[in-house]
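Q: Please examine closely the aromatic ring contacts of this model, with the burial of the residues concerned.

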Amino acid sequence: MNMEDICDLAPGYIRGIAPYQPGKPIPELARELGLDPDGIIKLASNENPLGVSPLAMRAARQALADAARYPDGNGFELKQALARHYGVEMPQIVLGNGSNDVLELAARSFLTPGLEAIYSQHAFAVYPLATQAIGATGVEVPARDFGHDLGAMLRAVSTRTRLIFIANPNNPTGTMIPGAELHAFLRELPARVIVVLDEAYNEYLPAELKVDSVGWLREFPNLIITRTFSKIYGLAGLRVGCAFAHAGVADLMNRVRQPFNVNSISLAAAAAGLDDREFVRRGFELNQIGLRRFAQGFAQLGLSYIPSFGNFVSVKVGDANGVFQRLLERGVIVRPVASYGMPDYLRVSTGLEAENERFLDALRQSLSA
Ligand SMILES: *Cc1c(COP(=O)(O)O)cnc(C)c1O
């Protein structure tokens with residue numbers, strides 16, 4: 001058998017998967033253009049520009065010394081910290097190798113070929129990927145003003161619908177669904193449809209916009225909420241995320257999960273970083289500064305952008321691929337979002353103040369080049 005015949009043995013829905021396109025790593029750009037990696041800035045993956053919380057760093061170092069042992073497969077210490085922090089019971093928690101992992105666990109626990117998962121146009125790329133990897137059918141509902149159209153999503157529910165993925169705030173658009181609308185949506189939805197509410201950017205919301213979504217679990221047994229340590233907690237490279245759900249649902253997802261899906265260093269770092277309030281506060285405030293600066297900078301350049309509730313903004317630049325390439329040549333990595341159906345836009349994460357200035361400067365030069 002030649003290689004093509006071997007690959008034909010995989011189901012069509014696997015062969016049809018379009019790979020996830022990650023942000024370009026700094027060392028890769030340095031290699032490709034012969035640039036000094038220290039001179040490159042990356043505003044492409046919504047990472048925390050402040051780096052790793054000092055508390056998380058210390059815990060990770062300590063855990064490294066014990067790396068010969070398997071991790072705690074039940075993640076007791078981290079679950080205990082999460083339970084206290086969020087007011088849930090430990091059996092309601094599922095830990096993941098990034099929240100990407102728990103999103104897949106939700107899909108693998110509830111979807112089969114023949115069933116449907118609904119998500120919005122311009123929503124996070126992992127939802128169609130997780131759906132397709134199972135051979136289930138993805139149903140993409142057109143967005144309204146780049147955000148979720150909850151009315152249309154409700155109307156898209158069929159007898160085959162089993163899951164609905166919602167990112168709030170959404171990536172890459174930065175749009176947010178007000179809590180009251182989301183709550184009304186959950187009330188109208190048939191209880192046999194499970195909602196995966198992805199709140200990766202929750203910590204970037206100002207206090208007055210936050211709602212007690214975790215508290216909604218008491219009302220909705222068909223709700224799964226996911227959170228991540230990759231964004232404001234600054235641990236993207238360690239891969240830790242979690243889901244909160246009804247204990248029965250969490251139990252199912254925990255059966256599907258690999259026994260040691262979160263490594264011991266990541267478990268320790270996340271448990272220590274969770275309550276580093278000072279670090280989270282600084283991350284929040286720096287992002288507010290960045291969002292304001294981008295709004296001002298884009299206005300000066302005459303560019304329109306989607307007002308964002310995350311730590312990134314999608315800005316309309318016209319020839320996005322050309323501008324992206326010219327930014328790369330200037331050592332600035334941002335994210336093209338053509339694969340999200342936004343070919344005229346680039347998504348840029350807020351950085352340190354100096355990084356924001358360098359990006360805006362490079363953008364000005366790249367638009368006219
Ligand atoms: C970044 C992001 C995540 C987090 O992914 P991890 O696997 O936890 O790193 C989840 N959902 C959305 C919408 C995101 O943008």
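A: The account below treats the aromatic pairs and then a charge placed over a ring. The model is predicted, with local features requiring pLDDT of at least 70 and side-chain atom pairs pLDDT 80 or more, whereas totals for chains, interfaces and linings use all residues. Residues are numbered from 1 along each chain as its sequence is written, and side-chain values use heavy atoms, without hydrogens or water.

There are 11 aromatic pairs (Phe, Tyr or six-membered Trp rings with centres within 6.5 Å; planes under 30 degrees apart are stacked, over 60 edge-to-face, the rest tilted). One of them joins Phe124 and Tyr127: the ring centres are 5.7 Å apart and the planes stand at 80°, so the arrangement is edge-to-face. Phe124 is buried at a relative accessible area of 14% (buried is under 20%, exposed over 50%, partly exposed in between, with a 1.4 Å probe and protein chains only). Tyr127 is likewise buried, at 0%.

Tyr201 and Phe312 also form an edge-to-face pair, because their planes meet at 65°, with centres 5.0 Å apart. Tyr201 belongs to the loop between β6 (194–198) and β7 (223–228), while Phe312 belongs to strand β10 (residues 312–316), so this pair ties together parts 111 residues apart in sequence (strands are DSSP E runs of at least two residues, numbered from the N terminus). Tyr201 is buried at 3% relative accessibility, and Phe312 is buried at 0%.

The ring of Phe312 has a further partner: the charged end of Arg347 sits over that ring, 5.7 Å from its centre (NZ of Lys or CZ of Arg within 6 Å of the ring centre and within 35 degrees of its normal). Elsewhere, one aromatic cluster is formed by Phe294, Phe298, Tyr305 and Phe359.

How values were computed: Helix = DSSP H or I, 4+ residues; strand = E, 2+ residues; numbered from the N terminus.
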